[in-house]
Amino acid sequence: MEDRWLTGRTYRFIRNATNTLGRHFWPRYLRLRGISFPTPALARVDGITLALRPHSFDAYIVGEVFRRRIYAPLSLPEHAVIVDVGAHIGAFSAWAAGRNPTCRVLACEPFAEPYALLQENCRRNGMEARV
């Protein structure tokens with residue numbers, strides 16, 4: 001399958017729709033407007049490539065972690081072990097592993113679909129040994 005990328009314009013539209021309509025309404029809004037993006041879409045943020053599902057909250061979560069930088073105040077010590085419970089597609093896990101190359105992340109996700117994307121995102125970024 002050919003990789004498909006979210007363009008900056010599409011990502012900005014999703015981010016603006018999220019900010020305007022709130023995170024619970026934008027997937028429905030996009031469907032009503034007939035706007036979609038490919039399955040899975042790829043977004044590259046801060047040097048990390050993440051696969052996202054359409055009509056889900058994946059883009060919102062990636063925006064929270066990488067654009068709004070909600071975890072930026074965290075200080076990660078050398079050789080830290082981080083437990084990401086409810087890892088979803090691995091946005092925080094990828095952020096933490098990218099920020100501190102000596103840390104190890106234990107990512108736990110109970111649902112099969114996001115877990116598959118979590119594994120794919122780790123593979124795409126060469127983090128399989130640490131996440």
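Good morning. I begin with His88, which counts as buried because its relative accessibility is 18%, and the cut-off for buried is under 20%. The model in front of you is a predicted one, and the values I quote are computed from it.

His88 sits in the loop that links β4 to α4. The backbone of His88 deserves attention as well, since its phi is positive, near 60°, and the residue is not a glycine.

Let me now place that loop in the overall arrangement. The protein contains 5 helices and 5 strands. Read from the N terminus, the order of these elements is β-α-α-β-β-α-β-α-β-α. Of the 131 residues, 43% are buried. The accessible surface is about 7,600 Å², and carbon and sulfur atoms account for 53% of that area. As for contacts between residues at least 6 apart in sequence, 57% of them connect residues at least 24 apart.

I turn next to helix α4, the element that follows the His88 loop. How many of the 9 residues of α4 are buried? The count is 7, and the helix is therefore largely enclosed by the rest of the structure. The buried residues in question are Ala91, Phe92, Ser93, Ala94, Trp95, Ala96 and Ala97. What covers the buried residues of α4? The cover includes three strands and a helix, namely β3 at residues 48-52, β4 at 81-85, β5 at 104-108, and α3.

That brings us to α3 itself. This helix is mostly covered, with 8 of its 10 residues buried. The buried set consists of Asp58, Ala59, Tyr60, Val62, Gly63, Glu64, Val65 and Phe66. After α3 comes Arg69, where phi is again positive, at a value near 55°.

How do α3 and α4 lie against one another? Helix α3, residues 58-67, packs against helix α4, residues 91-99, at an angle of about 25°, and the two axes are 9 Å apart. The pair is therefore roughly parallel, as angles under 35 degrees are classed that way. The crossing of α3 past α4 is right-handed.

Which residues form this contact? On the α3 side they are Ile61, Val62, Val65 and Phe66, and on the α4 side Ala91, Phe92 and Trp95. Sorted by class, the contact of α3 with α4 holds 7 nonpolar residues, with no polar and no charged ones. Some background on helices is useful here. An α-helix has 3.6 residues a turn, so residues three or four places apart point the same way. With that in mind, you may wish to look again at Val62, Val65 and Phe66 in α3, which are among the residues that meet α4. Val62, Val65 and Phe66 also appear among the buried residues of α3. On the other helix, Ala91, Phe92 and Trp95 take part in the contact, and these residues are included in the buried set of α4.

Let me now move to the loops. Asp46 is located between β2, residues 41-45, and β3. Its phi is positive, about 50°, although Asp46 is not a glycine. Is Asp46 buried or partly exposed? Asp46 counts as partly exposed, because its relative accessibility is 42%.

Two further loop residues are exposed. Pro101 lies in the loop between α4 and β5. Its relative accessible area is 60%, and Pro101 is therefore classed as exposed. Measuring from C-alpha to C-alpha in the model, Pro101 and His79 are 8.4 Å apart in space, while 22 residues separate them in sequence.

Phe111 belongs to the loop between β5 and α5, the latter spanning residues 112-124. With a relative accessible area of 56%, Phe111 is likewise exposed. Phe111 and Ala87 are 24 residues apart along the chain, and their C-alpha atoms are 9.9 Å apart.

To close, I return to the two helices: α3 and α4 meet through nonpolar residues, and α4 is largely enclosed by the rest of the structure. Thank you for your attention.

Technical notes:
Residues numbered from 1 in each chain as written. Predicted model: local features only at pLDDT ≥ 70, side-chain atom pairs only at ≥ 80, totals over all residues. Heavy atoms only, no water. Axes fitted to C-alpha atoms, helices over the stretch in contact; angles between N-to-C directions. Helix = DSSP H or I, 4+ residues; strand = E, 2+ residues; numbered from the N terminus. Parallel < 35°, antiparallel > 145°, perpendicular 65-115°, else oblique. Left-handed = near helix turned anticlockwise from the far one by under 90°. Contact = heavy atoms within 4.5 Å. Nonpolar A, V, L, I, M, F, W, Y, C, P; charged D, E, K, R; others polar. Buried < 20%, exposed > 50% of the residue type's maximum accessible area, 1.4 Å probe, protein only. Areas by Shrake-Rupley, 256 points an atom, 1.4 Å probe, with all protein chains shown as cover.
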